[in-house]
Amino acid sequence: YSHILEEETGLSTGFMPVGFIELATDAGYLEEYRRVAAFNRKLGVDVHEISPREVQELFPLCRIDDVLAGFYVKDDGRVNP
């Protein structure tokens with residue numbers, strides 16, 4: 001969407017594609033994030049449930065001893081309009 005916004009407005013968004021990881025650390029969050037991920041997929045967001053080991057591969061500084069799963073969106077990022 002960032003490139004569309006720039007095309008529509010003619011302004012740079014300063015988009016930096018750094019990705020996004022949300023961590024589930026208990027069963028309640030895991031259930032909620034799975035529901036949210038399913039909804040986001042229906043909206044076209046490419047979100048993946050990943051293992052704690054995959055979380056650590058993507059973010060080596062993360063402590064994963066209490067992580068049940070991560071939810072990763074590779075194309076997400078930050079803007080600085």
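Which strands does helix 2 lie across, and at about what angle does it run to strand 2? Let's start there. Helix 2 lies across strand 1, strand 2 and strand 3, and its angle to strand 2 is about 150°. Before I go on, please keep in mind that what you see above is a predicted model.

Okay, let's step back to the whole chain. You can count three helices and three strands. Walk along from the N terminus and the elements go α-β-α-β-α-β. Now, how spread out is the chain? Its radius of gyration is 15 Å, while the globule rule gives 12 Å for 81 residues, so the chain is more spread out than a compact globule. You can also see this as a box: the C-alpha trace spans about 45 × 30 × 15 Å along its principal axes.

What about the inside and the outside? Of the 81 residues, 21% count as buried. The chain exposes about 6000 Å², and 55% of that comes from carbon and sulfur atoms. And here's something about how the chain folds back on itself: take the contacts between residues at least 6 apart in sequence, and 62% of them join residues at least 24 apart.

Next, the sheet. It is an open sheet of three strands, in the order 1-3-2, and the pairing is antiparallel. So which strands stand at the edges? Those are strand 1, residues 20-24, and strand 2, residues 47-50; each has a single partner strand, so one side of each is left without a neighbour in the sheet. On average, neighbouring strands here are turned by 20° against each other, if you ignore direction.

Let's look at the two pairings one by one. Strand 1 and strand 3 run antiparallel and are joined by five bridges. If you want to find this on the screen, look for Phe 20, which stands opposite Val 73 in strand 3, and then for Ile 21, which stands opposite Tyr 72. On the other side, strand 2 and strand 3 pair over four bridges, again in the antiparallel sense. One residue to look for there is Glu 49, whose bridge partner in strand 3 is Phe 71.

Now stay with strand 3 for a moment. How many of its five residues are buried? Five of the five, in fact. Both faces are covered: Ala 69, Phe 71 and Val 73 are buried on one side, and Gly 70 and Tyr 72 are buried on the other.

That brings us to the core. The largest nonpolar core has eight residues, namely Ala 24, Leu 30, Tyr 33, Ala 37, Val 47, Ala 69, Phe 71 and Val 73. Which elements supply at least two residues each? Helix 2, residues 27-42, does, and strand 3, residues 69-73, does as well. Pick out Tyr 33 from that core and look around it. Leaving out residues up to four places away in sequence, Tyr 33 touches Glu 22, Leu 23, Ala 24 and Phe 71.

Let me finish with three residues outside that list. The first stop is His 48, which sits in strand 2. Is His 48 buried, partly exposed or exposed? It is partly exposed, with a relative accessible area of 39%. Setting aside neighbours within four places in sequence, His 48 is in contact with Arg 41, Gly 70, Phe 71 and Tyr 72. His 48 and Lys 74 are 26 residues apart in sequence, and their C-alpha atoms are 8.8 Å apart in space.

Then there's Phe 59, in the loop between helix 3, residues 52-58, and strand 3. Phe 59 is partly exposed too, at a relative accessible area of 44%. Compare its position with Ala 37 from the core: these two are 22 residues apart along the chain, with 20 Å between their C-alpha atoms.

And last, Asp 76, in the segment after strand 3. Its relative accessible area is 31%, which makes Asp 76 partly exposed. What does Asp 76 touch, not counting residues up to four places away in sequence? The answer is a run of neighbours: Phe 15, Met 16, Pro 17, Val 18, Gly 19 and Phe 20. From Pro 52, on the other hand, Asp 76 is 20 Å away, C-alpha to C-alpha, with their positions 24 residues apart in sequence.

How values were computed:
Residues are numbered from 1 along each chain as its sequence is written. This is a predicted model: local features need pLDDT of at least 70, side-chain atom pairs count only at pLDDT 80 or more; totals for chains, interfaces and linings use all residues. Side-chain values use heavy atoms; hydrogens and water are left out. A nonpolar core is a set of buried Ala, Val, Leu, Ile, Met, Phe, Trp, Tyr and Cys residues joined through side-chain atoms within 4.5 Å. Buried means under 20% relative accessible area, exposed over 50%, partly exposed in between (1.4 Å probe, protein chains only). Contact means heavy atoms within 4.5 Å. Two strands pair if DSSP finds at least two bridges between them. Axes are lines fitted to C-alpha atoms, for helices over the stretch in contact, and angles run from 0 to 180 degrees between N-to-C directions. The radius of gyration is taken over C-alpha atoms; the globule rule is 2.2 Å times the number of residues to the power 0.38. Accessible areas come from the Shrake-Rupley method with a 1.4 Å probe; for residues, only the protein chains shown count as cover.
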